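Reader: I'd like to go through this one by asking why things get the labels they do. Can you take me through the reasoning, starting with the surface?

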Amino acid sequence: MHETVAILVGAGRGERLGAGAPKAFVPLAGEPMLARAARALTASSAVHGLVAVVPAEKSEEARALLGSAGKLRGVAAGGARRQDSVQAGLALLGGAFDGVVLVHDAARPFVDTPLVEAVAAAAWRTGAAIPVLPLTDTVKRVSAGRVGGTVDRRELGAAQTPQGFRMEVLRRAYAAAFGDGVEVTDEAAAVERIGAPVEAVPGSPRNRKITGPDDLAWAEWALGAGGGDRVGTGFDVHRLVPGRPLMLGGVHVPHDRGLQGHSDGDCVIHALCDALLGAAAAGDMGQHFPSDDARWRDAPSLVFLERVVEVVAERGFAIGNVDLTVIAERPRLSAHAGAMREALGRALRQPAEAVSVKLKSADGLGALGAGEGIAAQAAVILKARRA
Ligand code: MG
């Protein structure tokens with residue numbers, strides 16, 4: 001039987017959360033983390049069964065919490081080390097099981113179906129797969145309070161769960177780890193030890209591990225007030241110079257001058273990108289597309305927008321609507337607003353109805369009024385996709 005079964009590990013005591021209960025049983029928006037993680041993990045039809053591993057005294061409570069979901073195969077009592085807990089869960093599947101197991105931390109209740117399915121598919125294909133997130137912080141080697149050097153983060157990644165394995169691969173890996181008396185901090189480490197390949201699939205920033213009180217506060221916020229609509233605003237202005245095509249809102253506008261800039265200078269798209277990044281609290285244009293990066297020289301700004309749309313989606317948001325104001329004395333833009341809405345809508349993967357483009361003059365005032373440049377303002381609403 002080609003079955004995929006999830007092993008949900010919630011055997012920790014969770015002292016760091018200081019909530020007076022084992023971590024997996026700490027409520028998030030009123031629902032124990034274990035139950036939320038189980039629901040997220042088994043939402044996919046690609047997951048056929050679930051085994052939970054919890055502290056022994058919590059077994060009955062776990063059965064009551066998870067039994068109604070329909071996919072529960074059993075509840076095992078956790079052991080001293082992570083690998084003991086996982087081993088207890090695997091034992092419930094029996095020696096004949098030859099499918100894929102997805103080992104997942106109950107402390108990651110925000111996992112979503114696309115990630116679960118990506119890991120499962122890769123594990124079926126290659127034998128072992130884990131989600132990995134690139135590091136965004138600069139990484140230092142530190143010893144006794146002293147920085148010993150900077151590590152090249154491009155070759156580093158943060159491992160998440162679920163970690164997926166064909167059963168025969170994990171059995172061999174665990175037999176070796178237990179036989180050698182080695183403690184591993186995740187299942188992939190045991191597989192790496194036996195030299196079997198582990199595929200890295202892109203992890204998800206939202207699949208955050210709830211470890212300390214700050215994470216718990218974030219999770220409550222994300223499920224409550226932070227899960228509602230999110231507003232973002234953006235502004236950009238560029239100088240008009242001779243010898244460049246004028247690009248505005250992804251559309252070429254015939255004019256004797258164009259906007260100066262490292263890229264194509266499309267200030268409408270730049271303002272829109274900043275508004276989207278702002279609503280997602282994901283930084284700004286300068287961070288994502290540094291102007292000293294040769295890749296972006298004369299780049300069409302629609303490329304930036306398409307990437308920003310991906311960033312927003314990766315963070316679990318859908319675009320509600322965007323509203324843009326272009327402030328230009330010359331040229332007259334009214335004949336181009338419709339084409340801008342369509343071009344932007346395509347890049348946003350939204351109908352033109354989700355995009356508004358308004359045109360304003362600066363009434364002859366200041367530099368914009370003198371036609372020295374063009375400015376744009378953007379406002380957007382993002383909707384959180386709920387777990
Ligand atoms: Mg700009």
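Author: Happy to. The accessible surface of the protein chain is about 17800 Å², and carbon and sulfur atoms hold 52% of that. Keep in mind that this is a predicted model.

Reader: What is the overall build of the protein chain, in helices and strands?

Author: You have 12 helices and 19 strands. Along the principal axes, the C-alpha atoms fill a box of roughly 80 × 45 × 45 Å. Of the 387 residues, 49% are buried. And if you take contacts with a separation of 6 or more, 71% of them join residues 24 or more positions apart.

Reader: Why are α10 and α11 called oblique to each other?

Author: Start with the geometry: the axes of α10 (residues 301-314) and α11 (residues 337-348) cross at roughly 40° and come within 8 Å. Angles under 35 degrees would count as roughly parallel, and roughly perpendicular runs from 65 to 115. The crossing of roughly 40° falls in neither range, so the pair is oblique.

Reader: Which residues make the contact between α10 and α11?

Author: From α10 you get L302, L305, E306 and V309, and they meet A343, L344, A347 and L348 of α11. Sorted by type, that contact has 7 nonpolar residues, no polar ones and 1 charged.

Reader: What makes D236, H238 and H270 donors of the magnesium ion?

Author: Distance, plus the right kind of atom. A donor is an N, O or S atom within 2.8 Å of a metal such as this one. Here the atoms are OD of D236, NE2 of H238 and ND1 of H270, and they lie 2.0 to 2.3 Å from the magnesium ion, so they qualify. Along the sequence the spacing of these donor residues reads D-x1-H-x31-H. D236 and H238 are both buried.

Reader: How do you know that V9 is buried?

Author: The cut-off for buried is under 20% relative accessible area. V9 has 10%, so it is buried. You'll find V9 in strand β1 (residues 4-9). Leaving aside neighbours within four places in sequence, V9 is in contact with V53, S85, V86, V103, H104, D105 and A106.

Reader: And what makes A76 buried?

Author: It's the same test, under 20%. The relative accessible area of A76 is 6%, so A76 counts as buried. A76 is in strand β5 (residues 72-77), and once neighbours within four places are set aside, its contacts are A52, V53, V54, A88, G89 and L92.

Reader: How far apart are A76 and V9 in sequence and in space?

Author: They are 67 residues apart in sequence and 9.5 Å apart in space, C-alpha to C-alpha. For V9 and R154, the values are 145 residues and 30 Å.

Reader: Why is D152 called partly exposed?

Author: Buried means under 20% and exposed means over 50%, with partly exposed in between. D152 comes out at 35%, so it is partly exposed. D152 sits in the loop between β9 (146-151) and β10. Its C-alpha atom is separated by 8.1 Å from that of T138, which is 14 residues away along the chain.

Reader: What makes the phi of A29 worth pointing out?

Author: Most residues other than glycine have a negative phi. A29 isn't a glycine, yet its phi is positive, near 50°. A29 lies in the loop between β2 (27-28) and β3 (31-32). With a relative accessible area of 46%, A29 is partly exposed.

Reader: Where is D298, and what is its phi?

Author: D298 is in the loop between α9 (285-288) and α10. Its phi is positive, about 60°, although D298 is not a glycine. At 48%, D298 stays on the partly exposed side of the cut-off, as exposed would need over 50%.

Reader: Which peptide bond is cis in the loop between β10 and β11, and what is its omega?

Author: That's the bond from T161 to P162, with omega near 10°. P162 lies in that loop, between β10 (157-159) and β11 (163-166). Another cis peptide bond joins R330 and P331, where omega is about -10°. P331 is in the loop between β17 (317-327) and α11. As a rule, most peptide bonds are trans.

Terms used: Residues numbered from 1 in each chain as written. Predicted model: local features only at pLDDT ≥ 70, side-chain atom pairs only at ≥ 80, totals over all residues. Heavy atoms only, no water. Axes fitted to C-alpha atoms, helices over the stretch in contact; angles between N-to-C directions. Helix = DSSP H or I, 4+ residues; strand = E, 2+ residues; numbered from the N terminus. Parallel < 35°, antiparallel > 145°, perpendicular 65-115°, else oblique. Contact = heavy atoms within 4.5 Å. Nonpolar A, V, L, I, M, F, W, Y, C, P; charged D, E, K, R; others polar. Buried < 20%, exposed > 50% of the residue type's maximum accessible area, 1.4 Å probe, protein only. Areas by Shrake-Rupley, 256 points an atom, 1.4 Å probe, with all protein chains shown as cover. Donors = N, O, S within 2.8 Å, 3.2 Å for Na, K, Ca; no water.
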